[in-house]
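Please work through the exercises below with the sequence and the coordinates at hand. Each task is followed by a worked solution.

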Amino acid sequence: MPERAALMAVLILERPMCLDCMETKTGMDRHETEAYLQRIRTVLHLRRSHGDRCRMCGTVGTVYWLMQPA
Ligand SMILES: [Zn+2]
């Protein structure tokens, strides 16, 4: 997994986060962020909710996170 995809995976491990915060943390734009999420989804169980609170900024909306592999 490329370095930035790994960084994103660590950021959202068991911590729901919105796309805005992922962009801020990784320095990527929206297109890159979504592309990396797609890549992460191919190897890890990516969870998404449309009505949860981002653990970084507190905004309620669409957030993504990963569950720790069992
Ligand atoms: Zn956020």
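The exercises proceed from the overall fold to helix packing, the core and single residues.

This is a predicted model, in which local features need pLDDT of at least 70, side-chain atom pairs count only at pLDDT 80 or more, and totals for chains, interfaces and linings use all residues. Residues are numbered from 1 along each chain as its sequence is written.

**Exercise 1. Overall fold**

Determine the order of the secondary structure elements and the overall dimensions of the protein.

Solution. Step one is the assignment: helices (H or I, at least four residues) and strands (E, at least two) are DSSP runs, numbered from the N terminus. The protein has 3 helices and 3 strands, and along the sequence they follow the pattern α-β-α-α-β-β.

Step two concerns dimensions. Along the principal axes, the C-alpha atoms fill a box of roughly 30 × 30 × 15 Å. The radius of gyration is taken over C-alpha atoms, and the globule rule is 2.2 Å times the number of residues to the power 0.38. For 70 residues a compact globule would have a value near 11 Å, and the protein, with 11 Å, agrees.

Step three concerns contacts, where two residues are in contact if their C-beta atoms, placed from the backbone, lie within 7 Å. Of the contacts with a separation of 6 or more, 57% join residues 24 or more positions apart.

**Exercise 2. Packing of α1**

Describe how helix α1 is placed against α2 and against α3.

Solution. Two packed helices are described by the angle between their axes and the distance between the axes. Axes are lines fitted to C-alpha atoms, for helices over the stretch in contact, and angles run from 0 to 180 degrees between N-to-C directions. Angles under 35 degrees count as roughly parallel, over 145 as roughly antiparallel, 65 to 115 as roughly perpendicular and the rest as oblique.

First, take α1 (residues 3-11) with α2: their axes come within 11 Å and cross at roughly 130 degrees. The two helices are therefore oblique to each other. On the α1 side, Arg4, Leu7, Met8 and Leu11 meet Met22, Lys25 and Thr26 of α2.

Next, take α1 with α3: the axes lie 10 Å apart at an angle of about 80 degrees. That makes α1 roughly perpendicular to α3. Here Arg4, Ala5, Met8 and Ala9 of α1 meet Tyr36, Arg39 and Ile40 of α3.

**Exercise 3. The nonpolar core**

Identify the residues of the largest nonpolar core and the elements that supply them.

Solution. Begin with burial: a residue is buried if 20 or more other C-beta atoms lie within 10 Å of its own, exposed if 12 or fewer, and partly exposed in between, with C-beta atoms placed from the backbone. By this criterion, 17% of the 70 residues are buried.

A nonpolar core is then a set of buried Ala, Val, Leu, Ile, Met, Phe, Trp, Tyr and Cys residues joined through C-beta atoms within 7 Å. The largest one has 11 residues: Met8, Ile12, Met17, Cys18, Cys21, Met22, Tyr36, Cys54, Val63, Tyr64 and Leu66. At least two residues each come from β1 (17-18), α2 (19-26) and β3 (60-66), and β3 gives the largest share, with 3 residues.

Finally, examine one member: beyond residues up to four places away in sequence, Met22 touches Met8, Leu11, Met17 and Thr33.

**Exercise 4. Single residues**

Establish the location, exposure and contacts of Ala5, Leu44 and Gln68.

Solution. Neighbours within four places in sequence are left aside in each contact list.

- Ala5 lies in α1. Ala5 is partly exposed, with 18 other C-beta atoms within 10 Å. Its contacts are Tyr36, Arg39 and Ile40, and the C-alpha atoms of Ala5 and Arg39, 34 residues apart in sequence, are 7.6 Å apart.
- Leu44 occupies the loop between α3 (30-43) and β2 (46-53). Leu44 is partly exposed, with 16 such atoms within 10 Å, and contacts Ala9 and Leu66.
- Gln68 belongs to the segment after β3. With 7 C-beta neighbours inside 10 Å, Gln68 is exposed; its contacts are Leu13 and Glu14.

**Exercise 5. Backbone geometry**

What phi does Glu14 have, and is this residue buried or exposed?

Solution. Most residues other than glycine have a negative phi. Glu14, although not a glycine, has a positive phi of about 55 degrees. Glu14 is placed in the loop between α1 and β1 and is exposed, with 10 other C-beta atoms within 10 Å.
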